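User: Please take a close look at the aromatic rings of this model and at what surrounds them. I would like one connected account rather than a list.

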Amino acid sequence: MRLGLVFEGGGAKGAYHIGVWKAIRELGIEKHITSVSGTSVGALNAAMFYLGKFEQAEHIWENITNEDILNVKSEDYLANGNCIFSQKKLSGIVEQAISGEKHNKKCDKCYITCRSRDKAEHRYFEWSRYIDNEYKKKILLASSAIPGIFASVEIDGEFYVDGGANADNTPITPLTKDRLDRIIIIHLSNAKANNDPMFIDIIPSQDIGAFIDGTLDFEHSSIMRRIELGYADGMKILLPLAERLCIPEIKTKNHAKEKRMIMIQIKL
């Protein structure tokens with residue numbers, strides 16, 4: 001079975017993605033995912049998924065701080081296009097996230113969504129087909145450039161901003177042409193589940209914040225809570241898919257015991 005995976009945008013709420021990703025790994029579903037897409041923070045997580053860097057993604061999220069992202073210096077203000085924060089530290093995090101040659105061999109494609117600053121249109125970059133790391137970093141920084149918060153990023157002579165800003169925050173569209181059997185969507189908002197059986201929606205079962213107390217909240221305790229919730233929700237929602245795939249890691253003699261342990265973790 002060929003699966004797609006969508007990472008919705010949402011700033012610090014993206015920690016929830018990491019918990020779901022952990023569940024995907026533990027259930028043995030990861031090797032069936034051949035295409036990923038993401039917007040904003042979902043773009044960074046999608047890129048790390050494509051590269052097969054779960055441990056690095058987990059480390060980045062567990063150690064990130066408000067100062068790493070919401071970095072402002074008065075002398076940088078005008079140089080930063082009159083935006084509130086600088087992307088200097090975020091740029092370093094992106095560099096760390098995508099450096100190296102590691103690649104998830106099962107995942108063929110990765111799409112990143114950005115919106116044109118000056119046109120009423122957005123663009124799905126097929127990030128996985130580019131070789132130059134600086135170009136790839138630009139795409140990720142552009143997709144995370146929330147208007148008014150971070151400055152726009154120039155790519156190929158055009159300025160781009162956050163792909164979730166009046167564009168496509170849940171980029172399912174680029175995956176629909178990849179002949180997938182199912183698409184898993186990791187939401188960061190109280191979205192309405194799709195009725196189409198093609199889609200498997202993972203929606204936070206508890207509130208993970210709005211803009212100030214969610215998107216811009218990189219406090220360690222908040223990050224860890226979102227990771228734990230993502231793991232619990234991912235296990236609960238994806239276990240039936242894992243069983244349907246007859247994955248060896250799930251179909252064992254100790255299956256009943258393992259399932260009970262999973263349910264205990266979900267309740268916790």
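Analyst: What follows goes through the ring pairs, then a helix that takes part in one of them, and lastly the enclosed space.

The model is a predicted one, and it holds seven aromatic pairs. In one of these, Trp21 and Phe54 have ring centres 5.3 Å apart and planes at 75 degrees, and since an angle over 60 degrees counts as edge-to-face, the pair is placed in that class. The pair joins distant parts of the chain, for Trp21 belongs to helix H1 (residues 15-26) and Phe54 to helix H3 (residues 54-63), with the two positions 33 residues apart. Both Trp21 and Phe54 are buried. They also belong to a wider arrangement, as ring pairs link Phe7, Trp21, Phe49 and Phe54 into a cluster.

Another pair is formed by Tyr130 and Tyr135, whose ring centres lie 4.9 Å apart with the planes at 55 degrees, so this pair is tilted. With buried meaning under 20% relative accessible area, Tyr130 counts as buried at 15%, and Tyr135 is likewise buried at 18%.

Tyr135 leads on to helix H6 (residues 133-143), which is mostly covered, with eight of its eleven residues buried. Among those buried residues are Tyr135, Lys136, Lys137 and Ile139. At the start of H6, a side-chain oxygen of Asp132 comes to within 3.2 Å of the backbone nitrogen of Glu134. Lys136, one of the buried residues of H6, lies over the face of Trp127, at 4.3 Å from the ring centre. An arrangement of this kind also occurs elsewhere in the model, where Lys22 lies over the face of Tyr231, at 5.1 Å from the ring centre.

As for enclosed space, the structure holds one cavity of 30 Å³ or more, and the largest cavity has a volume of about 200 Å³. Its lining is made up of 18 residues, of which Gly11, Val41, Ile69, Leu90 and Phe218 lie nearest the centre of the cavity. Helix H2 (41-51) and helix H5 (88-98) are the elements that give two or more residues to this lining, and H5 contributes the most, with three residues. In character, the lining of the largest cavity divides into 14 nonpolar residues, four polar ones and no charged ones.

Definitions and conventions: Residues numbered from 1 in each chain as written. Predicted model: local features only at pLDDT ≥ 70, side-chain atom pairs only at ≥ 80, totals over all residues. Heavy atoms only, no water. Buried < 20%, exposed > 50% of the residue type's maximum accessible area, 1.4 Å probe, protein only. Helix = DSSP H or I, 4+ residues; strand = E, 2+ residues; numbered from the N terminus. Polar contact = N/O pair within 3.5 Å; in protein donor to acceptor, adjacent residues only side chain to side chain. 1 Å grid on protein atoms, 1.4 Å probe; cavity = no way out; pocket = protein on both sides within 12 Å on 5 of 7 lines; lining within 4 Å. Points joined across faces, edges and corners; volume = space filled by probe spheres on them. Nonpolar A, V, L, I, M, F, W, Y, C, P; charged D, E, K, R; others polar. Phe/Tyr/Trp six-rings, centres within 6.5 Å; stacked < 30°, edge-to-face > 60°. Lys NZ or Arg CZ within 6 Å of the ring centre and 35° of its normal.
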